[in-house]
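Colleague: I'm new to reading models like this one. Could you walk me through the words people use for it?

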Amino acid sequence: MTAVQLPRTTASVAAPAASRSLLTCLAVAAPLWAAVSLAQVATREGFDLLRHPLSALSNGSLGWLQIVNFLLAGLLTVAGASGLRRALDGGPGGR
């Protein structure tokens, strides 16, 4: 019996360094957002997580912290999606 060798796809080849960096952005986005949000919950006077949504942290004098948190998480997610597209391009799940 002879072995059949399947053609290699770009998804099975190790991703280049730029793609790995972008994929790292995707992996870091959600935990970073959660950590910053929960740190603000712990330090905000009168904030109750059971009564207030996390988006309410964008109000008040320290609201800029949550706004920057939302923007950074969004940018990291978009960058990570770009890395995911590069990693899957031409492979299963690609175009």
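**Two helices and their contacts**

Modeller: Sure. Let's start with one contact: the side chain of Asn69 reaches the backbone oxygen of Trp33 at 3.3 Å. Keep in mind that this is a predicted model.

Colleague: What makes the pair of Asn69 and the backbone oxygen of Trp33 a polar contact?

Modeller: The cut-off for a polar contact is 3.5 Å between N or O atoms. The side chain of Asn69 and the backbone oxygen of Trp33 are at 3.3 Å, so the pair is within that limit. That same backbone oxygen of Trp33 also lies 2.9 Å from a polar atom of the Ser37 side chain.

Colleague: Why is Asn69 called buried?

Modeller: Buried means under 20% relative accessible area. Asn69, which is found in helix H2, has 5%, so it counts as buried. Setting aside neighbours within four places in sequence, Asn69 is in contact with Leu32, Trp33, Val36, Ser37 and Gln40.

Colleague: And how do you know that Ser37 is buried?

Modeller: By the 20% cut-off again. Ser37 is in helix H1, and its relative accessible area is 0%, so it is buried. Not counting residues up to four places away in sequence, Ser37 touches Leu54, Leu57, Gln66 and Asn69.

Colleague: What makes H1 and H2 roughly antiparallel?

Modeller: The angle does. The axes of H1 (residues 17–43) and H2 (residues 63–88) cross at roughly 155 degrees. Angles over 145 count as roughly antiparallel, so H1 and H2 get that label. Their axes come within 7 Å, and the crossing is left-handed. By class, the contact of H1 with H2 has 18 nonpolar, 9 polar and 1 charged residues.

Colleague: Why is Leu65 called partly exposed?

Modeller: Partly exposed sits between the two limits, 20% and 50%. Leu65, placed in helix H2, has 32% relative accessibility, so it lands in between. The C-alpha atoms of Leu65 and Val36 are separated by 8.7 Å, with the two residues 29 apart along the chain.

Colleague: Is Leu62 buried, partly exposed or exposed, and how do you know?

Modeller: Leu62 is found in the loop between H1 and H2. Its relative accessible area is 41%, which is between 20% and 50%, so Leu62 is partly exposed. Leaving out residues up to four places away in sequence, Leu62 touches Gln40, Arg44 and Leu57. Leu62 and Gln40 are 22 residues apart in sequence, and 9.2 Å apart from C-alpha to C-alpha.

Conventions. Residues numbered from 1 in each chain as written. Predicted model: local features only at pLDDT ≥ 70, side-chain atom pairs only at ≥ 80, totals over all residues. Heavy atoms only, no water. Axes fitted to C-alpha atoms, helices over the stretch in contact; angles between N-to-C directions. Helix = DSSP H or I, 4+ residues; strand = E, 2+ residues; numbered from the N terminus. Parallel < 35°, antiparallel > 145°, perpendicular 65-115°, else oblique. Left-handed = near helix turned anticlockwise from the far one by under 90°. Nonpolar A, V, L, I, M, F, W, Y, C, P; charged D, E, K, R; others polar. Buried < 20%, exposed > 50% of the residue type's maximum accessible area, 1.4 Å probe, protein only. Polar contact = N/O pair within 3.5 Å; in protein donor to acceptor, adjacent residues only side chain to side chain. Contact = heavy atoms within 4.5 Å.
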